[in-house]
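Open the model in your viewer and keep a selection box ready. Each stop says what to pick and what is there.

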Amino acid sequence: MKTRLQKKITETFKQLYKILSSLSETELNTVPYEGSWTAGQVVQHLILASSGYPEMCSGPTEKTTREPDEKVKDIATLFLNFTIKMQSPEFIIPLDKKYNKNSLTLALQKIEEELLHVSETYDLTLTCLNSEIPTFGKFTIYEWINFSLIHIERHIKQLNTIYQEVTKQ
């Protein structure tokens, strides 16, 4: 379970770094079409949404009375349905400002290291008691990490679309 999850963490962030590195500073901060975030805002949104996992996982937990990966399929079904437009909770909406690619990359690298650390050192089958997602309820540590990776995967697709728009000649 751990090895497979760590491979997924590494692969997901590799894809994220690839699209981020392909954007110039200008492209990173260009609104691709009306009503869209810039690529920089999307990446900042991911940083806000994926931060704090070590603190959450070291908080109160309990033994899980169901399969520890039970909710992963439902998370993927919802978040990888690209026909649905989702509304972000206020606390993970990025500021409308210019973002620096190096700063974003460093923040992402810290999150990747944290997720790898959590996946290596924590009991992935425990349920975190201090956080939950509406309609899903409480997640195991394994499900939380997968939630983060699936959420990133959704936005990698969005970043690729933004890239196509901002690099048109």
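The tour visits aromatic rings, a charge over a ring, and one helix.

This is a predicted model: local features need pLDDT of at least 70, side-chain atom pairs count only at pLDDT 80 or more, and totals for chains, interfaces and linings use all residues. Residues are numbered from 1 along each chain as its sequence is written, and side-chain values use heavy atoms, with hydrogens and water left out.

**Aromatic rings**

Select Tyr-53, Phe-79, Phe-136, Phe-139, Trp-144 and Phe-147. They form one aromatic cluster. Rings of Phe, Tyr and Trp (its six-membered ring) pair if their centres lie within 6.5 Å; planes under 30 degrees apart are stacked, over 60 edge-to-face, the rest tilted. Across the whole structure, a search finds seven aromatic pairs. Zoom to Phe-139 and Trp-144: this pair is edge-to-face, 4.9 Å centre to centre with 70° between the planes. Phe-139 and Trp-144 are buried (under 20% relative accessible area, 1.4 Å probe, protein chains only). Now add Phe-147. Its ring centre is 5.8 Å from that of Phe-139 and the planes are at 50°, so this pair is tilted. Phe-147 is buried too, as is Phe-139.

**Charge over a ring**

Pick Phe-82 and Lys-157. Lys-157 lies over the ring face, 5.1 Å from the ring centre (the cut-offs for Lys are NZ within 6 Å of the centre and within 35 degrees of the ring normal).

**Helix 6**

Select residues 101–121, which make up helix 6 (helices are DSSP runs of H or I, at least four residues, numbered from the N terminus). Colour its buried residues, including Leu-104, Leu-108, Ile-111, Leu-115 and Val-118. The buried residues of helix 6 pack against helices 1, 2, 3, 4 and 7 (contact means heavy atoms within 4.5 Å).

Technical notes. Buried < 20%, exposed > 50% of the residue type's maximum accessible area, 1.4 Å probe, protein only. Helix = DSSP H or I, 4+ residues; strand = E, 2+ residues; numbered from the N terminus. Expected span 1.5 Å × (residues − 1).
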